[in-house]
Amino acid sequence: MTTNRAPFALLLLLLACAHAAAAAAKSRENATPSPTPPALAAADSSLKLISLRGMVAQIEKLQQRQRGLRAELSQIQTAEERQRAESDLAKIGAEIDETRRNFSRFASGIDINALEGEEIAAASFNLQSEVQSLLHPLISELKEMTKRPRTMDKLRAQIRTYEEALPRLNMGIENVDRFTWKATDERLLKALAALRGSLLESKQRYDNKLDVSRIQLDELERQKKPIFETGQELIKVFFRSRGRNFSLAVLSFFGVFIAVRLVYKALYRASYMRHLTDRRMPSRILDISFYAITIIGSTVSLLVVLYLSGDWVLLSVASLFVLGLLWTARQYVPKAWQQMKMLLNLGTVREGERIIYLGLPWRVAKLNVYTTIENPAFEDCRLRLSLSALADLHSRLADPEEPWFPTARGDWVLVDDCHAQVLYQSPEAVLLRTPLSTKHYDTRAFIAAAPTNLSRGFRVTSTFGIDYKHQRHCTSTIREALEAHVRAALVKQAYGSYLRSFEVDFCCASASSLDYLLTADFDGAAASAYRRIARDLQRFAVEASTAHDWEIPFAQLTVHRADAA
């Protein structure tokens, strides 16, 4: 969840920086505002004049009421009534101050109190801690970025409040008028008249505030731009103001990163370690040290550039990003420790040993942050794996004669009762050429089929039988003659030079024949003729029978009939 929100948070921070830069750039520029149509400007001026006259009248009424309350206060004897009168005076004073602020803001177009408040805040701001120094610029930028929508939302809420209050005030005035028409007591009439005057003042005050809020909202609405145009402007201003600092910081980060890596490679090439086939412990410790120097040095250079440029906002963003990474990385300390042990060649996977990955054997060629594994049976095939991918694997020493794969490219195999040649093999697929077509295997399915590799030597066997009438000489002269004849015929063939051994053995006395087992062993070079050799053994045996007048039996069915009772 945290990882998915990180790009959005970074984009929000960059937009905050851009918005603040845009505000700062606009405050420094003395450009004139965009021209307003004359008719619209005249209408706005008339509305503003009416609002200003209403505010002046409101201030005068409030001051008159304030003077009256002060005069009454001097004659009040009880503490309770005095406290109530002082509270009313404080409220009237606050209303007078607020109305004067509105008058000043409308007449001059600026908020003097806000400027004074910013000046006081800037003068009294005191760094309480390092965290405040980091967060204060960032929060200020975010507040500045959201100032317009927050102000508009506040004005809309005020307008709703005033619009809901005015009908209730009108209803209150009507109720007072109804009681006034019916009342005859002098004191009651005086009290109702005072209440009606108070309600009218409140109504006028709310009317003025409603007009002020509507005009302010209209001005903000007119200044509002399409989001695409606003985004373009923010990006332009960002790169015009903070873009230089951001670019320098990024260049310094990658500059230090590349420089340290180049220095390390130069030192490695100049040292004796590059000639070592088995990297030793000092070399591995040096690798880890340079990795740490690269990361720490690059990060520090980025922060230093932002610090020297005085860009506290980008420095705050970068510092928070680094602190967030460190806080997130604390849960990976055990995993990082295991990976460090692996880099030192002290883990469960070690350089030069054999591992099983994705169901295939591999040799760990180079153990590093990105480890290289290879299988000699696959041509130019190397995989790069991260240390996390090796965390659950275990390696072992490999025997020099231990095969890395059942076949090699060009080998002849028997698989699924099919005689085929290996055209191509990789960790993903094996392609075979059969007499009729090509056949495609998934590598793991190919291994599961237990192929027989003929190119590393093979044996062909065949069974041949003669009639029982040759029983007397079947284990002596006939066997020797058959072996000599077939051997001589095999040697004369194109594959005859690859014949290792041949022999004929008496196999068994079957139901209708005396059977011999013909066994021929060949070098792998004759593997392409495997099927032909099997056929030739039968052919040569038949030729030998013909030459020596040995009768070949056929299957017979003997029926024994019982005597009649």
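This briefing describes the fold of one protein chain, its sheets, helices, cores and selected residues. The model is predicted. The protein chain contains 15 helices and twelve strands, and 34% of its 565 residues are buried. Two antiparallel sheets, one of three strands and one of four, are described below, together with two nonpolar cores.

**Overall character of the chain**

- The accessible surface of the protein chain amounts to about 36,200 Å², and carbon and sulfur atoms account for 58% of that area.
- Of the contacts between residues at least 6 apart in sequence, 63% join residues at least 24 apart.

**The three-stranded sheet and its helices**

- Strands β10, β12 and β11 form an open sheet in the order β10-β12-β11, with antiparallel pairing.
- The edge positions belong to β10 (458-466) and β11 (499-509), each of which pairs on one side only.
- From one strand to the next, the twist averages 20°.
- Strand β12 (residues 514-522) runs antiparallel to β11, and nine bridges join the two.
- Within this pairing, serine 501 stands opposite aspartate 521 in β12.
- Helix α14 (residues 477-491) lies across β10, β11 and β12 and runs at about 150° to β11.
- Helix α15 (residues 530-547) also lies across β10, β11 and β12, running at about 30° to β10.

**The nonpolar cores**

- The largest nonpolar core comprises 32 residues, and Phe458, Leu482, Leu490, Phe502 and Leu518 have the most contacts inside it.
- At least two residues of this core come from each of β5 (412-415), β10, α14, β11, β12 and α15.
- Helix α15 provides the largest share of this core, namely six residues.
- Apart from this core lies another, of 30 residues, which includes Leu387, Leu390, Leu393 and Trp404.
- Beyond its neighbours within four places in sequence, phenylalanine 502 is in contact with Glu483, Val486, Arg487, Leu490, Leu518, Thr519, Ala520 and Leu537.

**The loop after β12**

- Alanine 525 is located in the loop between β12 and α15.
- The relative accessibility of alanine 525 is 51%; exposed means over 50%, so alanine 525 counts as exposed.
- Tyrosine 495 is 30 residues from alanine 525 in sequence, while their C-alpha atoms are 8.3 Å apart in space.

**The four-stranded sheet**

- Four strands form an open sheet in the order β1-β2-β3-β4, and their pairing is antiparallel.
- Strands β1 (354-357) and β4 (382-386) stand at the edges with a single partner strand each, so one side of each has no neighbour in the sheet.
- Neighbouring strands of this sheet are turned against each other by 45° on average, direction ignored.
- Strand β2 (residues 360-366) pairs with strand β3 (residues 370-374) in the antiparallel sense over three bridges.
- Arginine 363 stands opposite glutamate 374 in β3.

**Helix α9**

- Helix α9 (residues 243-270) has 28 residues and should span 40 Å at 1.5 Å a residue; its end C-alpha atoms are 40 Å apart, which agrees with that expectation.
- The buried residues in α9 include Gly243, Asn245, Ala249, Ser252, Val260 and Tyr264.

Technical notes: Residues numbered from 1 in each chain as written. Predicted model: local features only at pLDDT ≥ 70, side-chain atom pairs only at ≥ 80, totals over all residues. Heavy atoms only, no water. Pairing = 2+ DSSP bridges. Axes fitted to C-alpha atoms, helices over the stretch in contact; angles between N-to-C directions. Contact = heavy atoms within 4.5 Å. Buried < 20%, exposed > 50% of the residue type's maximum accessible area, 1.4 Å probe, protein only. Areas by Shrake-Rupley, 256 points an atom, 1.4 Å probe, with all protein chains shown as cover. Expected span 1.5 Å × (residues − 1). Core = buried A, V, L, I, M, F, W, Y, C linked by side-chain atoms within 4.5 Å.
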